[in-house]
Number of protein chains: 6
Amino acid sequence: MIYITRRERFNAAHKLYNENWSKEKNDEVFGKCANANWHGHNFDLIVTVKGEVDPDTGFVMNLKDLSQIIKDEVIEKVDHKNLNLDVDFMLGKFPSTEVLAMEFWKILAPLIEAEGAQLHYIKLIETENNYVEYYGE
Amino acid sequence: MIYITRRERFNAAHKLYNENWSKEKNDEVFGKCANANWHGHNFDLIVTVKGEVDPDTGFVMNLKDLSQIIKDEVIEKVDHKNLNLDVDFMLGKFPSTEVLAMEFWKILAPLIEAEGAQLHYIKLIETENNYVEYYGE
Amino acid sequence: MIYITRRERFNAAHKLYNENWSKEKNDEVFGKCANANWHGHNFDLIVTVKGEVDPDTGFVMNLKDLSQIIKDEVIEKVDHKNLNLDVDFMLGKFPSTEVLAMEFWKILAPLIEAEGAQLHYIKLIETENNYVEYYGE
Amino acid sequence: MIYITRRERFNAAHKLYNENWSKEKNDEVFGKCANANWHGHNFDLIVTVKGEVDPDTGFVMNLKDLSQIIKDEVIEKVDHKNLNLDVDFMLGKFPSTEVLAMEFWKILAPLIEAEGAQLHYIKLIETENNYVEYYGE
Amino acid sequence: MIYITRRERFNAAHKLYNENWSKEKNDEVFGKCANANWHGHNFDLIVTVKGEVDPDTGFVMNLKDLSQIIKDEVIEKVDHKNLNLDVDFMLGKFPSTEVLAMEFWKILAPLIEAEGAQLHYIKLIETENNYVEYYGE
Amino acid sequence: MIYITRRERFNAAHKLYNENWSKEKNDEVFGKCANANWHGHNFDLIVTVKGEVDPDTGFVMNLKDLSQIIKDEVIEKVDHKNLNLDVDFMLGKFPSTEVLAMEFWKILAPLIEAEGAQLHYIKLIETENNYVEYYGE
């Protein structure tokens, strides 16, 4: 068992605002992240896949294919978008980094399994000081 | 003459959209950056000041003071904001990285001069692949 | 279960010198790190917390709170300090990166538990080539 | 149990080309990596060792010794080399990052064990977007 | 006058070997870089363009266009190539980082001028410790 | 004319304390940097040399030689040292980053000139947010 990783990047806007709460409570909990007119980030998405090495290629999985899956199914949908408004799989969900990472998992896990490998880990880096990691459970 | 530099960071939303143009022309020129519902970035702001070294402190200028000026006069106004809508000194201006850097210069140059040093250079990093530099003219 | 991480930074002096050994033995084992008049580092402290996502906030734990705890209880005590002389919880202990990481764990684990989350991992980066990781046992 | 890590670096040429396949099949699977006249990378090799902390040194293992072992037994053999042609332990093996990481493990694990610690993890970074991790099984 | 910069990356093999010299002299001058079977690097290419800001776009030059020019005219020709053997504009030239940077300048300067801007600066990063800069004269 | 750069690193302790001032004044001006028992940093030293390219080597100056000069004449004297107490060329001088950069210039400029090249620029990075640059005048 060996682990291979691909990084892809996207730039998006979002805000953290619970509609069931008052503006005061939102400001208290989310601080500047509740700004009504949005703010944004450069996100780094790190995807780790595990599996056995194929003796013909020396690969667990072709990183070109992994990169293409991540770009087609995730990056294309979130890059230069508003995570609260523009992303079909996030509608009605709270666009925290945690929830994003878990939704990315749901999309990527079956597609990677279809390639004969297994999604092991997702890391979503929001700033150089903050990131989230998810192992699927 | 020696040069000292301070980095500060902010996260903001913006879009690049010329209201005098059709949506088609905006999409053609600005591509994904014209997305109606905004996108965003982690910006790194690099500010370089030049001057002579003060023999009492070994400093051109106290970096604590430089940091405070940048935070109070720039970061506070753009961090977790929408650069098209929320920032007084950007209203009616086009929120490209180039224009932002030039507006930051106008704010910071006189404040740094008041401290006995001279603003030399501003660098505004939008992504790990794109940045703008300005020397004030 | 999801993992969130906060990075904080501090700059400190230390030396590695076992008082029970001769100067020769210290020089042999610790090399330049035994320099009598100290040396120092920019340390990066990485703290990972795990828990369930709160449906009201989308958060495992508010990163503002995590950052504040790390700053108040660790950074404040070690930043711009001498790790051999100035830090109450290090007195009588050997200021290697390993021991520091384990002491930081003792301080942070109960405070994070009091916030309803669980300390998962501490990484202490001493140089771009050397770091230590600790999972609490 | 605590984990310490050392990073070392090397620059090498390689190509990915399966001699049992046609040129067309190689181009299809390996793309630009199959270029007949080689290409190359700056590789970062990350080696993590685990063990108990020695009370006399505060160390799991002396990082000077770990660094020396990695340099003598791995870096010396692959730095500024052709991974397909010049490296004794890679002859007849496929020089993918996955296979390299596993071969490095075979070399390093017994040498680290002889120092009283245990090899835990190898990470081999090929580009800023691609890396491989191995835990020895 | 403002400066905008685009980073692109490529991975290539090369060797430093003066055919007019003995193997001994080559080894003495170029050390490991003279390895007969090549070695390689991840190169970062930084291209800075200067000009006035266009009031319609807020841009000196569209970074999408700058990126495309760099990719089409430079990256495409050197990425996953052997800089001694595979690159038309390097044939008969010495593939040091210095010479590469100067050749990239010759290619890019007229193409950027045709876009109404001016090439200001090229930086070619060979390793995290070594780079070359060129201003065209 | 082309510019080549070498990065070297060192770890050192220092404090900023003007002996002609009261403790209160030192604390006010230098803040945490005045800590009596020192603090420290990982410093990055960036040295840029300019000259013409030698047609036999493709080099302005052999980076192996540049690296060796920097290591022998600067790094050896400051690495794992106390910049206030241990460094001959800093005795009686104020160990700010500015003064260090200027002293490094005095040492390196004639040695690089003796190699047929010219020292162009020194950058001394103290933290990821703070650095100093010097061009020799």
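Reader: How many bridges join strand β5 of chain E to β1(F), and do the two run parallel or antiparallel?

Author: Four bridges join β5 (residues 130–134) of chain E to β1(F), and the two run antiparallel. Strands here are DSSP runs of E, at least two residues long, while helices are runs of H or I of at least four, both numbered from the N terminus. Two strands pair if DSSP finds at least two bridges between them.

Reader: What stands opposite R6(F)?

Author: N130(E) does, with R6(F) lying in β1(F).

Reader: Before I go on, what sort of model is this, and how is it numbered?

Author: This is a predicted model, where local features need pLDDT of at least 70 and side-chain atom pairs count only at pLDDT 80 or more, though totals for chains, interfaces and linings use all residues. Residues are numbered from 1 along each chain as its sequence is written, chains are lettered from A and ligands numbered from 1 in the order in which they are written, and side-chain values use heavy atoms, leaving out hydrogens and water.

Reader: Fine. How many residues are in contact between F and E?

Author: Chain F puts 18 residues in contact with 22 residues of chain E, contact meaning heavy atoms within 4.5 Å.

Reader: And what area is buried there?

Author: About 1700 Å², with carbon and sulfur atoms giving 51% of it. On the chain F side, I2(F), Y3(F) and R7(F) supply 29% of the area buried against chain E, more than any other three residues. Buried area is the accessible area (1.4 Å probe) that two parts lose on being put together, summed over both.

Reader: How many salt bridges across F and E?

Author: The rule finds one. R7(F) pairs with E128(E), and their closest N and O atoms are 2.9 Å apart. To count, a side-chain nitrogen of Lys or Arg must be within 4 Å of a carboxyl oxygen of Asp or Glu.

Reader: How many polar contacts?

Author: Eleven residue pairs across F and E, both residues at pLDDT 80 or more. β1 (2–14), β2 (39–51) and α2 (63–78) of chain F each give two or more residues to the side that touches chain E. β1(F) has the largest share of that side, six residues. By class, the same side of chain F has nine nonpolar, five polar and four charged residues. A polar contact is a pair of N or O atoms within 3.5 Å; within protein, one must be able to donate a hydrogen and the other to accept it, and residues adjacent in sequence count only if both atoms are side-chain atoms. For the classes, Ala, Val, Leu, Ile, Met, Phe, Trp, Tyr, Cys and Pro are nonpolar, Asp, Glu, Lys and Arg are charged, and the others, Gly among them, are polar.

Reader: What rotation puts F on E?

Author: A turn of 120° with 0.0 Å of shift along its axis, at an RMSD of 0.0 Å. That is the relation of a three-fold axis. The fit is by least squares on C-alpha atoms of residues with pLDDT of at least 70 in both copies.

Reader: Which residue of chain F comes closest to the rotation axis?

Author: E128(F), with its C-alpha at 8.8 Å.

Reader: Now chains B and A. What turn lays B on A?

Author: A turn of 180° and a shift of 0.0 Å along the axis, with an RMSD of 0.0 Å. That is the relation of a two-fold axis. Also, 100% of the interface residues of chain B are interface residues in chain A, so the copies meet through the same surface.

Reader: What does that contact involve in residues and area?

Author: Chain B and chain A give 24 residues each. They bury about 2000 Å², of which carbon and sulfur atoms give 41%. In chain B, N37(B), N42(B) and H80(B) lose the most area to chain A, together 28% of what that side buries.

Reader: How many salt bridges and polar contacts between B and A?

Author: Six salt bridges, and 21 residue pairs in polar contact, both at pLDDT 80 or more. β1(B) gives the most to the side of chain B that touches chain A, with five residues. That side divides into five nonpolar, eleven polar and eight charged residues.

Reader: What does E128(A) bridge to?

Author: R7(B), with the closest N and O atoms 2.7 Å apart. R9(A) and E128(B) also meet in a salt bridge, 3.5 Å from N to O. That pair runs from strand β1 (residues 2–14) of chain A to the loop between β4 and β5 (130–134) of chain B.

Reader: How many salt bridges over all chains?

Author: 54.

Reader: How far apart are A and E?

Author: Chains A and E do not touch, and their nearest C-alpha atoms are 14 Å apart. Chains D and F do not touch either, with their nearest C-alpha atoms 14 Å apart.

Reader: Last one: what is chain A made of?

Author: Three helices and five strands, running β-α-β-α-β-α-β-β from the N terminus. Its C-alpha trace spans about 60 × 25 × 25 Å along its principal axes.
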